[in-house]
Amino acid sequence: MNRQKRSVSQNDNPFQVLTEELIFLILDFLETAPLDKKSFSLTCKAFYAAEARHRRVLRPLRAEHLPALAARYPSVTDLDLSLCPRVGDGALALVAGAYAETLQRLDLSRSRWFTGSGLLSLGARCGSLVELDLSNATELRDAGVAAVARARNLRKLWLARCKLVTDMGIGCIAVGCRKLRLLCLKWCVGIGDLGVDLVAIKCKELTSLDLSYLPITEKCLPSIFKLQHLEDLVLEGCFGIDDDSLDVDLLKQRCKALKKLDISGCQNISRTGLSKLTKISGGLEKLILADGSPVTLGLVDGLNKLSMLQSIVLDGCPVTSEGLRAIGSLSISIRELSLSKCLGVTDEALSFLVSKHKDLRKLDITCCRKITDVSIASIANSCAGLTSLKMESCTLVPQEAFSLIGQKCHFLEELDLTDNEIDDEGLMSISSCSRLSSLKIGICLNITDRGLTYVGMFCSKLKELDLYRSTGVTDLGISAIACGCLGLEIINTSYCTSISDRALISLSKCSNLMTLEIRGCILVTSIGLAAIAMNCRQLSRLDIKKCYNIDDSGMIPLAHFSQNLRQINLSYSSVSDVGLLSLANISCLQSFTMLHLQGLVPGGLAAALLACGGLTKVKLHLSLRSLLPELLIRHVEARGCVFEWRDKEFQAELDPQCWKLQLEDVM
């Protein structure tokens, strides 16, 4: 009898028969569902331990959690500390000790307070480290970068905006990290020709090199173009490079692997210089010329030699009709074209271009204010395979033209019609684009609930919806979206003044909602916000600025249920220091903006700042600066928080039509 009892008790847990390999397979399937993964690990002690052994990726909110995390998760390969504002040398030494054998990727892109000593621990002990992001380490000097050079196996290194690093520091990297494939030096203004030359000579396996805004000249170019594996070269804003820099000797180099070249903002490179550059590699697939020389017939002629070219970015460049027609006449098949804010785009030239490049998949004609329904008809009839169309502020396009987009372009996944004359008939047609995942129809004053109802019925894959200042939308339209688009992740209904709690209660069905912007929705109260908090547990960004009827009673459910909330704007609301203090229960909270909160007193604000230990950025009115103790401000800053003091007067809301007229006057 006792034997039978023992055998029964041993088989009480049927999961005990699962091998660790099977449990790991289950956990692999749960990688995209963190809440489900957490529930799985809490099922029993065996699963709890197995999940700890399986975990490879960590993204802690605070560095002080690292000792406990390192003890629980022994096999981490990817460690993201970008959410930790303060990471000292001690924390890096702990990481180096705990993950000396396993760590492969480390992200410190938004962290501060570490020095060369901490980086030396990583470089010396973590032999498997292949990726390191030190972007925004504005206090990092050559000694710290030299410590990084101890990581001999590094393949990818980001040093963007490390402005104190000089040629000496990057020279240490060049000598020590010869296996580098990717190097980003954007805005490292202390690095010049000598440092870049050393990198190009020593790191011969580089495939991606970002030299944006470096004070370099032609002296380092020969070494760069000798890199036989280089595929991606970014020279954005390198004003020291001009046509004369690209001499005959340079053209003897053959960078055959180069696929992407970015010379945006290089206004000293004209069509002559571009023609020389295109001779270096005939295999270019993407060319970025934004904010550069005018797009003329002569400039485009140099592109004919690029038989593999698929993507051209001309944002902000003046264009001529001859230049656009020349792009249309290219013998290559363009799949991506960006003409955002290009002055000179006309119906005739654009229509000719798209009629010749019928395989276009992505087209950006944002702020091309001269085009009309003629261009839209040509785009719709010629480019039926479009997956992305951006045409914000094409204000001469009439209402009727938008129906053509829905009738012809059924493969659209991204559509930006912000500040256009589209109406409900246009939305009804566009709703036939069933693959739409992103739809931006902000400042579209002709749309109403009827048009949104069609979108809700037929665009079930929608994840992002922007209705900013589209004041014809009410609760009925939002309810239709919520019912039909359950996978919605981002919605902006700012200044849709007819929106009330009913809309938010409907949106609470969208359990994947991560970003909610309801700025200026004056009818919304804490009741609607509570519904969102209770049902949308993934909410990470919330903007309730000028929601005057949201008060402390809306903060309590947020504090209890919205444990993933990271950013909140409370300006002009009725929240007091009591509601603010309740938000201290949200361990993820990193940023809040509080301007013109009438119920806020200095003592309550001080208590909230102390209680919210994970803050990285706080925006406050300048008048509060003198009311807070200096020691408190220093203490909060020492934890890694940055204060932004705004001297902004109280603003009354304008009528939508008046606001749009003012915007047009500015433009």
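Is Tyr548 buried, partly exposed or exposed, and what is its relative accessible area? Tyr548 comes out as partly exposed, because its relative accessible area is 31%, and the cut-offs put buried under 20% and exposed over 50%. Keep in mind that we're looking at a predicted model here.

**Around Tyr548 and helix H23**

Tyr548 sits in the loop that runs between strand E20 (541-543) and helix H24 (552-561). Together with Ile522 and Leu523, Tyr548 makes a nonpolar surface patch of about 250 Å².

Helix H23 (residues 526-535) is another story. Seven of its ten residues are buried, so the rest of the structure largely encloses H23. If you want to click through the buried ones, they are Ser526, Gly528, Leu529, Ala530, Ala531, Ile532 and Ala533. The cover over these H23 residues includes helix H22 (501-507), strand E19 (515-517), E20 and H24. E20 and H24 are also the two elements on either side of the Tyr548 loop.

**What the record says**

An unreviewed UniProt entry carries the annotation "domain: F-box/LRR-repeat protein 15-like leucin rich repeat", and it places this on residues 113-275 and 358-533. Take the span 358-533: in the model it is 34% helix and 12% strand, and its end C-alpha atoms lie 46 Å apart.

**How far to trust the model**

The chain has a mean pLDDT of 91, and 94% of its residues reach 70 or more. Residues 4-9 are a weak spot: pLDDT stays under 50 there, and the model gives them zero contacts beyond four places in sequence. Where pLDDT is low, the predicted coordinates shouldn't be read in detail.

**Salt bridges**

The structure holds 18 salt bridges. Here are three of them, with the N to O distance for each pair.

| Acidic residue | Basic residue | Closest N to O distance |
|---|---|---|
| Glu51 | Arg72 | 2.9 Å |
| Asp80 | Arg59 | 3.1 Å |
| Asp78 | Arg105 | 3.1 Å |

Start with Glu51 and Arg72, whose closest N and O atoms are 2.9 Å apart. This pair links distant parts of the chain, with Glu51 in helix H4 (residues 45-54) and Arg72 in helix H5 (residues 66-72), 21 residues apart. Glu51 counts as buried because its relative accessibility is 2%.

Next come Asp80 and Arg59, which form a salt bridge at 3.1 Å. Again the link is between distant parts of the chain: Asp80 is in strand E2 (residues 78-80), while Arg59 is in the loop between strand E1 (57-58) and H5, 21 residues apart. Asp80 is buried at 17% relative accessible area, whereas Arg59 is partly exposed at 44%.

Then there's Asp78 with Arg105, whose side chains meet in a salt bridge. Asp78 is in strand E2 and Arg105 in strand E3 (residues 105-107), so this pair too links distant parts of the chain, 27 residues apart. Arg105 counts as partly exposed, with 30% relative accessibility. These two don't stop at each other: salt bridges that share partners join Asp78, Arg105, Glu131 and Lys156 into one network.

**Trp113 and a far-off stretch of sequence**

Which residues does Trp113 touch, leaving aside its neighbours within four places in sequence? Trp113 is in contact with Pro85, Arg86, Val87 and Gly88, and also with Glu637, Ala638 and Gly640. Arg639 is 526 residues from Trp113 in sequence, yet the two C-alpha atoms are 9.8 Å apart in space. Trp113 itself is in the loop between E3 and helix H7 (116-125), and it is partly exposed, with a relative accessible area of 42%.

**Two backbone oddities**

Most residues other than glycine have a negative phi. Arg161 has a positive phi of about 65 degrees although it isn't a glycine. Arg161 lies in the loop between strand E5 (156-158) and helix H9 (167-176), and it is partly exposed at 31% relative accessible area.

Ser393 also has a positive phi, near 60 degrees. Its place is the loop between strand E14 (388-390) and helix H18 (402-408). Ser393 counts as buried, at 2% relative accessibility.

Terms used
Residues numbered from 1 in each chain as written. Predicted model: local features only at pLDDT ≥ 70, side-chain atom pairs only at ≥ 80, totals over all residues. Heavy atoms only, no water. Patch = residues over 30% accessible without salt bridge, like charges linked within 9 Å, V, L, I, M, F, W, Y side chains within 5 Å. Areas by Shrake-Rupley, 256 points an atom, 1.4 Å probe, with all protein chains shown as cover. Salt bridge = Lys/Arg side-chain N within 4 Å of Asp/Glu carboxyl O. Helix = DSSP H or I, 4+ residues; strand = E, 2+ residues; numbered from the N terminus. Buried < 20%, exposed > 50% of the residue type's maximum accessible area, 1.4 Å probe, protein only. UniProt positions renumbered as here; feature names shortened; annotations may be inferred. pLDDT = per-residue confidence, 0-100. Contact = heavy atoms within 4.5 Å.
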